[in-house]
Amino acid sequence: DEGPRDDLPVYDLEHCDQDALFALVRETVSQLVVPIVGDMACSLAIVGGRIKVTIDCGESSGRLVGREGQTLASVQYIASRIIAKKLGGTVRLRFDAGNYRERQDERLHELALSLAERVKKNRRSLSTRPLSAYQRRVIHLALEGDELVHTFSKGEGLQRRVIVQLRRGDASGAIEEAEDEDAMIVDSFELDDSETSDERDQ
């Protein structure tokens with residue numbers, strides 16, 4: 001969800017020369033980011049099958065993030081394309097600056113919990129607005145341990161969203177699963193809507 005899909009194989013992050021890979025990522029990030037913010041530093045870590053790129057550019061982080069995260073998402077996408085071409089395989093990247101992505105993840109987690117509580121209270125399915133593959137995953141993970149509700153993705157391409165609904169029954173058999181076709185769409189949280197089509201169309 002954070003890289004190009006040109007029918008290239010997925011690059012093996014676990015068994016590659018990580019020092020060489022990280023050197024390539026740092027070089028690519030520097031070439032793209034320095035013209036925007038000037039001096040910067042970045043730290044890299046492999047987390048959940050992707051390379052997390054945390055960029056420290058001080059007070060210039062807002063310039064790098066851009067309006068609703070659009071600049072950060074664009075730089076991330078371009079970096080993914082460059083690295084994939086050089087490696088001959090796709091590498092998923094996750095850029096962050098000024099804790100922007102971290103704050104977005106927190107808001108998604110809050111949204112998931114809020115939706116779950118409303119579903120339990122009103123006994124009616126609820127739907128998010130269309131989200132990227134990464135955003136949907138955050139919501140699924142936030143509620144995977146909830147014994148009263150479950151989640152699933154629905155829709156095609158850019159319209160894929162998450163449905164939160166009651167499980168088919170609790171211990172007393174009182175909870176009935178609502179039809180997802182009747183799910184109300186909830187859009188009460190402001191979230192990053194700048195994901196590229198490559199991130200969404202999964």
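**Exercises: strand β3 and the largest pocket**

L93 in β3 is the bridge partner of I51. The model is predicted: local features need pLDDT of at least 70, side-chain atom pairs count only at pLDDT 80 or more, and totals for chains, interfaces and linings use all residues. Residues are numbered from 1 along each chain as its sequence is written, and side-chain values use heavy atoms, without hydrogens and water.

**Exercise 1.** Determine how β2 runs relative to β3, and whether β3 is buried or exposed.

*Solution.*
- Step 1. Strands are DSSP runs (E, at least two residues), helices are runs of H or I (at least four), numbered from the N terminus.
- Step 2. Two strands pair if DSSP finds at least two bridges between them. β2 and β3 are joined by five and run parallel.
- Step 3. Buried means under 20% relative accessible area, exposed over 50%, partly exposed in between (1.4 Å probe, protein chains only).
- Step 4. On one side of β3, L93, F95 and A97 are buried; on the other, R94 and D96 are.
- Step 5. Five of the five β3 residues are buried, so the strand is largely enclosed by the rest of the structure.

**Exercise 2.** Describe the lining of the largest pocket by class and by element.

*Solution.*
- Step 1. Count classes: eight charged (Asp, Glu, Lys, Arg), three nonpolar (Ala, Val, Leu, Ile, Met, Phe, Trp, Tyr, Cys, Pro) and one polar (the others, Gly among them).
- Step 2. Assign elements: β2 (50-56), β3 (93-97), α4 (100-122) and α5 (133-143) each supply at least two lining residues.
- Step 3. Take Y134, in helix α5. Y134 is buried, at 12% relative accessible area. Its C-alpha lies 9.6 Å from that of D105, 29 residues away in sequence.
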